[in-house]
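Trainee: Could you walk me through the labels on this one? I'd like to see each value set against its cut-off.

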Amino acid sequence: LLSQQNLTGDLSCSMEGLSWRLQTALQVLCMDHSGISDWRSTLGQTPDNPAHWPEVQLVAQRLLNKRLEQHKPLITVAEEVLDPRSSLISVFILLLLRENLHILEHSLKELETHTRDKLEK
């Protein structure tokens, strides 16, 4: 369903949060079997208009945690192997890896804050 509707591209996060496609894909994946036929109803939903948002946030937090677990060792290896003094490419690679880590950490923090705020209300 997600591939047929072209919802598998740009499943990412940035400093602004989860991409719209990632949010939509997670909402569809969190639907039960009876609700999947009305999957298009998720297209207008946001964190302020929740149907599956608690589940989506939990799944997104788990995905981001998993990605962080995979990314941190990669940075460690890159820092051991690449010498920023030897080439500009090494500098750029390390900067990109660190920026990706920062984005993942920021997105996870924002999700956790948003979830905590919703629970307090």
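Trainee: What makes the largest pocket a pocket, and what volume does it have?

Mentor: Its volume is about 240 Å³. On a 1 Å grid over the protein atoms alone, a pocket is an open set of points with protein on both sides within 12 Å along at least five of seven lines, whereas a cavity is a set where a 1.4 Å probe fits but cannot get out. Grid points are joined across faces, edges and corners, and the volume is the space filled by probe spheres set on them.

Trainee: Before we go on, how should I read the numbering and the values?

Mentor: This is a predicted model, so local features need pLDDT of at least 70 and side-chain atom pairs count only at pLDDT 80 or more, while totals for chains, interfaces and linings use all residues. Residues are numbered from 1 along each chain as its sequence is written, and side-chain values use heavy atoms, with hydrogens and water left out.

Trainee: Which residues line the largest pocket?

Mentor: There are 13 of them, and E16, G17, L18, E110 and L111 lie nearest the centre. A lining residue has an atom within 4 Å of a point. At least two residues each come from β2 (17-18), α2 (53-81) and α3 (88-120), with α3 giving the most, 5 residues.

Trainee: How does that lining divide by residue type?

Mentor: Into 5 nonpolar, 6 polar and 2 charged. Ala, Val, Leu, Ile, Met, Phe, Trp, Tyr, Cys and Pro count as nonpolar, Asp, Glu, Lys and Arg as charged, and the others, Gly among them, as polar.

Trainee: What pattern of helices and strands does the chain follow?

Mentor: It reads β-β-α-α-α, with 3 helices and 2 strands. Both are DSSP runs numbered from the N terminus: helices are H or I over at least four residues, strands are E over at least two.

Trainee: Why is α1 called largely enclosed?

Mentor: Buried means under 20% relative accessible area, exposed over 50%, and partly exposed in between (1.4 Å probe, protein chains only). In α1 (residues 20-29), 7 of the 10 residues are buried, so the label holds. Those are L22, Q23, T24, A25, L26, Q27 and V28, and they pack against β2 and α2. Over the whole chain, buried residues make up 31% of the 121.

Trainee: And why is L11 called partly exposed?

Mentor: Its relative accessibility is 41%, so L11 falls between the two cut-offs. L11 sits in the segment before β1 (13-14). Leaving out residues up to four places away in sequence, L11 touches S19, R21, L22 and A25; contact means heavy atoms within 4.5 Å. L11 and A25 are 14 residues apart in sequence and 8.1 Å apart in space, C-alpha to C-alpha.

Trainee: How do you know that R98 and E79 form a salt bridge?

Mentor: The term asks for a side-chain nitrogen of Lys or Arg within 4 Å of a carboxyl oxygen of Asp or Glu. R98 and E79 meet at 3.0 Å, N to O, so they qualify. The pair links distant parts of the chain, with R98 in helix α3 and E79 in helix α2, 19 residues apart. R98 is partly exposed at 39%, and E79 is partly exposed at 41%.

Trainee: How many salt bridges are there in the whole structure?

Mentor: The search finds 2. D83 and R85 also meet in one, at 3.0 Å, N to O. Here D83 is partly exposed at 29%, but R85 has 78% and counts as exposed.
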